[in-house]
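This report describes how the parts of one protein chain are arranged. The reader is invited to keep the model in view and to locate each residue as it is named.

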Amino acid sequence: MSFNQIIGQDKPISILRNAIKTSRMAHAYIFDGPSGSGKVFTALNFIKAINCLMPDGLDSCDQCAS
């Protein structure tokens, strides 16, 4: 799972990647939208990316324990 697998959410992914790049996370993010729009998938990938021990650029490595 990675940000590259999320389709049609370019603006939200850009916002999340920018937060990771600048190390300036907000205290909360709201993932809102219709059922099946990828809210949970996007949130999980964001959590993985900010907690990754060996980040691959602005994405998670998909291999570390976190």
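S23 lies in the loop between α1 and α2. The model is a predicted one. In it, S23 has a positive phi of about 55°, although S23 is not a glycine. Is S23 buried or exposed? Its relative accessible area is 61%, and because exposed means over 50%, S23 counts as exposed.

A positive phi also occurs at D62, with a value of about 65°, and D62 is not a glycine either. This residue lies in the segment after α2. D62 is partly exposed, with a relative accessible area of 43%.

**Salt bridges**

D62 also takes part in a salt bridge, in which its side chain meets that of K48 at 2.4 Å, N to O. The pair links distant parts of the chain, with K48 in helix α2 and D62 in the segment after α2, 14 residues apart.

How many salt bridges does the model contain? The count comes to two salt bridges. One of them joins R17 and D59, whose closest N and O atoms are 3.8 Å apart. This distance satisfies the rule because a salt bridge requires the nitrogen to be within 4 Å of the carboxyl oxygen. R17 belongs to helix α1 (residues 10-22), while D59 belongs to the segment after α2 (39-51), and the two are 42 residues apart. The partners are covered to unlike degrees: R17 is partly exposed, with a relative accessible area of 24%, whereas D59 counts as buried at 7% relative accessibility.

The table sets out the two salt bridges.

| Salt bridge | Distance, N to O | Separation in sequence |
|---|---|---|
| R17 and D59 | 3.8 Å | 42 residues |
| K48 and D62 | 2.4 Å | 14 residues |

**The aromatic pair**

A pair of aromatic rings is described by the distance of the centres and the angle of the planes. The count in this model comes to one aromatic pair. The rings of Y29 and F46 have their centres 5.1 Å apart and their planes at 75°, so the pair is edge-to-face. The relevant cut-off is an angle over 60 degrees, which is why the arrangement is not called stacked or tilted.

Where do the two partners lie in the chain? Y29 is in the loop between α1 and α2, F46 is in helix α2, and 17 residues separate them, so that the pair links distant parts of the chain. Y29 is partly exposed, with a relative accessible area of 29%, whereas F46 counts as buried at 4%.

**The nonpolar core and its surroundings**

F46 is also a member of the largest nonpolar core. Which other residues make up this core? They are F3, I6, I13, L16, I20 and A49, which with F46 give seven residues in all. Both α1 and α2 supply at least two residues of this core, and the largest share, three residues, comes from α1.

The core member A49 has several contacts beyond its neighbours in sequence. Leaving out residues up to four places away, A49 touches F3, I20, L58, D59 and S60. Among these contacts, F3 and I20 are themselves part of the core, and D59 is the partner of R17 in the salt bridge described above.

N45 is located in helix α2. It is buried, with a relative accessible area of 0%, and because buried means under 20%, N45 falls in that class. Apart from neighbours within four places in sequence, N45 is in contact with M1, S2, F3 and I6. F3 and I6 are members of the largest nonpolar core.

**The surface**

M1, one of the residues in contact with N45, contributes to a nonpolar surface patch together with V40 and L44. The area of this patch is about 280 Å². V40 is found in helix α2 and is exposed, with a relative accessible area of 58%.

**A separation in space**

Finally, how far apart are Q9 and K48 in space? They are 18 Å apart, C-alpha to C-alpha, and 39 residues apart in sequence. Q9 is found in the segment before α1 and counts as partly exposed at 25% relative accessibility. K48 is the residue of helix α2 that is linked to D62 by a salt bridge.

Definitions and conventions. Residues are numbered from 1 along each chain as its sequence is written. This is a predicted model: local features need pLDDT of at least 70, side-chain atom pairs count only at pLDDT 80 or more; totals for chains, interfaces and linings use all residues. Side-chain values use heavy atoms; hydrogens and water are left out. Helices (H or I, at least four residues) and strands (E, at least two) are DSSP runs, numbered from the N terminus. Buried means under 20% relative accessible area, exposed over 50%, partly exposed in between (1.4 Å probe, protein chains only). Rings of Phe, Tyr and Trp (its six-membered ring) pair if their centres lie within 6.5 Å; planes under 30 degrees apart count as stacked, over 60 as edge-to-face and the rest as tilted. A nonpolar core is a set of buried Ala, Val, Leu, Ile, Met, Phe, Trp, Tyr and Cys residues joined through side-chain atoms within 4.5 Å. Contact means heavy atoms within 4.5 Å. Patches are made of residues with over 30% relative accessible area and no salt bridge: like charges are joined within 9 Å, nonpolar side chains (Val, Leu, Ile, Met, Phe, Trp, Tyr) within 5 Å. Accessible areas come from the Shrake-Rupley method with a 1.4 Å probe; for residues, only the protein chains shown count as cover.
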